[in-house]
Amino acid sequence: MTIPSTDRSGTLIETRSIDYVPDDERHGKVGHQGPFWFVGNFQPFTLALGFVGPSLGLSLWWTVVAGIAGIAFGTLFMAFHATQGPVLGLPQMIQSRAQFGYRGVLLPLIGTLFTFVGFNVVDVVIIKSGLQEIFGWNSVAVAVAITAVAAGLAIFGHDLLHKAFRVLFWISLPLWLMLTYGVLSGDVHATTPAAGGFTWVAFLAQFGVAASYNITYAPYVSDYSRYLPRDTKPSAIITSVFVGATASPMWLIPLGGWMATYLGASDALAGINTTGNATVPMLGSVLAVVSTLVLVATMGLNAYSGMLTVVTGLDSVRSVRPTRRLRVVTILVLAAAWLAMSLLLSNATAALNTTLLIMLYLLVPWTAVNLTDFFFVRRGHYVIADLFTPAGVYGAWSWRGLAAFAAGIAAEIPFLVLPFYTGPVAAAMGDVDIAFVIGLLVSGVVYIAVTRTLDVSDELARIAADPSLSDPADAAAIANTVEAEEK
């Protein structure tokens, strides 16, 4: 049994997709992860999260509290997923075959693909409507152009995405500092603030969209850490990702809340333009363009991980060779899909709120199962080769992971609060949305319960017999564990 690999002949276009990254190809620094995810959230989509609370009558203060609390909650799960990349050298959803089975992973793949495509649809809506309002640019032309750039970044792949984000970090940072100074110093002349107070419905809606924002990064955070050296310290990467991914939303969500409350802003790019130009002439216009570039780069992330999701799905149905051509074709098909859908939408705020909630409901049960398995059941030890065959130790369908995932989704239904459906329990609670908390707890508890009878000694024995498929530093410890169990 072999781990799929591809020819790595000289090319600027990344060749790997769902295949294993061997040690001799590992590169990068854990310190780059923080700025990478900081920039990933340093864009108009994040700012627009601050519009949700005020739009529901929440005061600026409570919008900030709910937004920051939600971001911290969601990022905690995201950051722990980042540890899986260096350990396994695999994309996130390939690793999920250990919990759901070689073909069973198709079920959570539906949720993750919805996430990647959904993000890009809303991103295009935000950009095309914002640039049309600010500069009068043709919205269709803008949508086509940014889709082409995002697809190009995804096609070139991992290394170019990292480099683009590092460049955009240094370009964006001083501009946002200047805009923030203008708000704090009073240079921006605000109107009388909109009346706002506190309701649990509005508070939890703001908390929920903020929490989902970084939880939805969970299915692909290890896609961008899998090239790191195998000996990367878990504490280091968790800290780097958590700090980077929380810092920019904790900065921009309050700014978005301020714009919505004091300027009546409902469009992120227009709010940036107005606030920036009131601080320094042309600052808003420049920042709107730079913010657009950051958002387009983030669309590249979504396209790249969307490609990994689709290829994983195809491979789960029928084994495919993860070639460069397959990567490129998949990305182009995804780009055409999100472009077509984005041209049919015009209300970015409504789409943002609904899309994030659906993502949260779908992904919370998956993240509970995946993290419980990685940290408490298998403790980071996997037979990597068997993740690429339905005949391996993980099987084609793993009833334990599927049952826990389904239980979490089912438990959420009575608690859902969506524009087109409100669960009976949520309605009785006055439309207070705690569905994602229920899904998280139920899936985690059910998975722990059903894995109590799971014997992982065979997996440990396989890893000990072929240490190249696990962390070499752990090989001796695994061998000792197997020997002790046999005695």
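What follows is a walk through the overall build of a predicted protein chain and a handful of its residues.

Some bookkeeping comes before the results. The model is predicted, with local features needing pLDDT of at least 70 and side-chain atom pairs counting only at pLDDT 80 or more, while totals for chains, interfaces and linings use all residues. Residues are numbered from 1 along each chain as its sequence is written, and side-chain values use heavy atoms, with hydrogens and water left out.

On confidence, the chain has a mean pLDDT of 86, and 90% of its residues reach 70 or more; pLDDT is the predictor's confidence in each residue, on a scale from 0 to 100. Two stretches fare worse. Residues 5-10 stay under 50 in pLDDT, and the model gives them 14 contacts beyond four places in sequence, a contact being heavy atoms within 4.5 Å. Residues 471-487 are also below 50, with 17 contacts in the model beyond near neighbours in sequence.

As for the fold, the chain carries 21 helices and two strands. These are DSSP runs numbered from the N terminus, with helices being H or I of at least four residues and strands being E of at least two. The radius of gyration is 22 Å, which agrees with the value near 23 Å for a compact globule of 487 residues; the radius is taken over C-alpha atoms, and the globule rule is 2.2 Å times the number of residues to the power 0.38. Taken along the principal axes, the C-alpha atoms fill a box of roughly 75 × 60 × 40 Å. Of the 487 residues, 60% count as buried, where buried means under 20% relative accessible area, exposed over 50%, and partly exposed in between (1.4 Å probe, protein chains only). Contacts reach a long way along the sequence: among those between residues at least 6 apart, 85% join residues at least 24 apart.

The accessible surface adds up to about 18,200 Å², with 68% belonging to carbon and sulfur atoms; areas come from the Shrake-Rupley method with a 1.4 Å probe, and for residues only the protein chains shown count as cover. Charges number 23 positive and 28 negative, and their mean positions are 6 Å apart. For that tally Lys and Arg are positive and Asp and Glu negative, with His and the chain ends not counted, and each charge is placed at NZ of Lys, CZ of Arg, CG of Asp or CD of Glu.

Helix H16 (residues 348-377) supplies two residues worth a look, one of them being Thr367. Thr367 is buried, since its relative accessible area is 0%, and beyond four places in sequence it is in contact with Phe77, His81, Ala218 and Leu440. Val377, also in H16, counts as buried because its relative accessible area is 18%. Its contacts, neighbours within four places aside, are Thr372, Tyr447, Thr451 and Leu454. Val377 and Thr451 sit 74 residues apart in sequence, yet their C-alpha atoms are 7.4 Å apart.

Similar pairings turn up elsewhere. Thr112, in helix H8 (residues 106-135), is buried at 0% relative accessible area and touches Met93, Pro219, Thr309 and Leu363. The C-alpha atoms of Thr112 and Leu362 are separated by 8.1 Å, with their positions 250 residues apart along the chain. Ile238 belongs to helix H12 (residues 234-263) and counts as buried at 16% relative accessibility. Its contacts outside the local sequence are Ala79, Phe80 and Thr83; for Phe80, 158 residues away along the chain, the C-alpha separation is 5.8 Å.

Loops make up the last group. Leu90, in the loop between helix H5 (84-88) and helix H6 (92-95), is buried at 1% relative accessibility. Its contacts more than four places away in sequence include Ile18, Tyr20, Ser222, Arg226 and Phe388. Pro249, by contrast, is 159 residues from Leu90 along the chain and 28 Å away between C-alpha atoms. Met282 lies between helix H13 (268-279) and helix H14 (283-317), and is exposed, given a relative accessible area of 54%. Its phi is near 75°, a positive value in a residue other than glycine. Arg379, in the loop between H16 and helix H17 (399-412), likewise has a positive phi, near 50°, and counts as exposed at 59% relative accessibility.
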